[in-house]
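Reader: I would like a close look at one part of this fold, the paired strands and what packs around them. Please keep it brisk, and work outward from there.

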Amino acid sequence: MKNGTDLFSLEGKVALVTGVCYGIGFAVAGALADAGAKIAFNSRHEDAVARAAEDYAAAGIDAFGVVADVTDEVDANRLVGAVAEKLGEIDILVNNAGIIKRIPMHEMSADEFREVVDIDLVGPFIMSKAVLPSMMRRGGGKIINICSMMSEFGRETVSAYASAKGGLKMLTRNIASEYGEYNIQCNGIGPGYIATPQTAPLRERQPNGERHPFDSFIVSKTPAGRWGTPDDLMGTAVFLASPASDFVNGQILYVDGGISAYIGKQPK
Ligand code: NAP
Ligand code: GCO
């Protein structure tokens, strides 16, 4: 029988969290480090990697940063090789790097649409492909895809993002289906509305000091009555990275304060 207290331990594991420089990824990486994992991260920009390395050090985490673009297969393989050489082969991949463009669809160019899909969907394909052979060879691994409310719902201006994150949900299910027999678990975290730089424009105070209408809308749509914080995702990340989830595969765990369960408040 497994030991309940060890179920969430990541001692001796190597985790690569892509992106990671600002919000969700940093909290997720911190949680995996607290549980015992060695952490690697990447971003496209040298200054962002340097800044993140300082942030990790300030948080007491010894993290290995690499400049690499997740949409480039050569870069992805170089990144995975560099992590293997420095920390050991990757046991846990978190596909966190992502962008959003909020543009009405009839005004969005095909190139803008492609850029979002390239980073948010093709990137996780490329990164997962880069780690799968070693996970298969070593008899297991964990892939966690950072999905979204937009893996389930649509709304104005986010056609590319919703298409990519809906696709990421299906990529998650497919990796689970195709590689489950190698003891590889691929699951998603579907964050609700989380207060990060990515969502800052949706929370900006109005010139008259009132809340942004989207801010009030989200708080009213969330049974918890608040935006999430990156820290709200930490426990789920450790669960999906650890032996506690060894028979959980192809699932998206929505960490959304209840949004996706809620029909909304009836008007007074
Ligand atoms: P963020 O602060 O904007 O960080 C995204 C990271 O991705 C940055 O470090 C960025 O670094 C990196 N990145 C972008 N393109 C890349 C590429 N091609 N190659 C390598 N790195 C790249 O985002 P966040 O708000 O923390 O969100 C993180 C993830 O959670 C995203 O997938 C996002 O879609 C998802 N999410 C966010 C929310 C929310 O409410 N904030 C909710 C649901 C899901 P560089 O620009 O330096 O490369
Ligand atoms: C938006 C938001 C969302 C969130 C998140 C929800 O404009 O609607 O940015 O897409 O970032 O992904 O889970």
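Author: Start where two asparagines meet. Asn95 stands opposite Asn145 in β5. This is a predicted model. The strands β4 and β5 run parallel, and 4 bridges join them.

Now take β5 by itself. Of its 6 residues, 6 are buried, so the strand is largely enclosed by the rest of the structure. In a regular strand, side chains alternate between the two faces of the sheet. Both faces of β5 are covered. One side carries Gly141, Ile143 and Asn145. The other carries Lys142, Ile144 and Ile146. Each of these six is buried, the lysine included.

What lies against this region from a helix? Ser128 does: setting aside neighbours within four places in sequence, its contacts are Leu93, Asn95, Ile143 and Ile175. Ser128 belongs to helix α4, residues 110-138. Its relative accessible area is 1%, so Ser128 is buried, the cut-off being under 20%. Asn95 thus appears twice: it is in contact with Ser128, and it stands opposite Asn145.

Ile189 also reaches β5. Its contacts, not counting residues up to four places away in sequence, include Ile144, Asn145 and Ile146. Cys147 and Ser148 are touched as well. Further along the chain, Ile189 touches Leu233, Thr236, Ala237 and Leu240. Ile252, Leu253 and Val255 complete the list.

Ile189 matters for the next step, the largest nonpolar core. That core has 33 residues. Ile189 is among the five that touch the most other members, along with Leu32, Ile39, Tyr56 and Val94. Several elements give two or more residues to this core. The strands are β1 (14-18), β2 (38-43), β4 (92-95) and β5 (141-146). The helices are α1 (24-34), α2 (46-58) and α7 (234-241). The largest share, 6 residues, comes from α1. A second, separate core holds 30 residues, including Met127, Val131, Ile175 and Ile184. Ile175 is also one of the contacts of Ser128.

Next, β1. All 5 of its 5 residues are buried, so β1 is largely enclosed by the rest of the structure. Its two faces are both covered. Val14, Leu16 and Thr18 sit on one side. Ala15 and Val17 sit on the other. β1 pairs with β2 in the parallel sense, over 5 bridges. Within that pairing, Leu16 stands opposite Ala40 in β2.

From β2, follow the rings. The structure holds 7 aromatic pairs. In one of them, the rings of Phe41 and Tyr56 have their centres 4.9 Å apart. Their planes meet at 35°, so the pair is tilted. Phe41 lies in strand β2 and Tyr56 in helix α2, so the pair ties together parts that are 15 residues apart in sequence. Both Phe41 and Tyr56 are buried. Tyr56 is also one of the core residues that touch the most other members.

Another tilted pair joins Tyr179 and Tyr182. Here the distance is 6.2 Å centre to centre, with 35° between the planes. Tyr179 is buried, at 18% relative accessibility. Tyr182 is partly exposed, at 32%.

Asn183 is the next residue to check. It is found in the loop between α5 and β6 (184-191). Its phi is near 65°, a positive value in a residue other than glycine. Most residues other than glycine have a negative phi. Asn183 counts as partly exposed, at 38% relative accessibility. Thr157 also has a positive phi, near 75°. Thr157 is found in the loop between β5 and α5 (159-179). At 24% relative accessible area, Thr157 is partly exposed.

Finish with an aromatic cluster. Tyr193, Phe214, Phe217 and Trp227 form it. Arg203 lies over the face of Trp227, at 5.0 Å from the ring centre. Phe214 leads to helix α6, residues 213-221. In that helix Phe214, Asp215, Ile218 and Val219 are buried. Seen down the axis of α6, its buried residues fall within an arc of 135°, so they line one face of the helix.

Definitions and conventions:
Residues numbered from 1 in each chain as written. Chains lettered and ligands numbered in written order. Predicted model: local features only at pLDDT ≥ 70, side-chain atom pairs only at ≥ 80, totals over all residues. Heavy atoms only, no water. Buried < 20%, exposed > 50% of the residue type's maximum accessible area, 1.4 Å probe, protein only. Arc of directions from axis to C-beta. Core = buried A, V, L, I, M, F, W, Y, C linked by side-chain atoms within 4.5 Å. Contact = heavy atoms within 4.5 Å. Phe/Tyr/Trp six-rings, centres within 6.5 Å; stacked < 30°, edge-to-face > 60°. Lys NZ or Arg CZ within 6 Å of the ring centre and 35° of its normal. Pairing = 2+ DSSP bridges.
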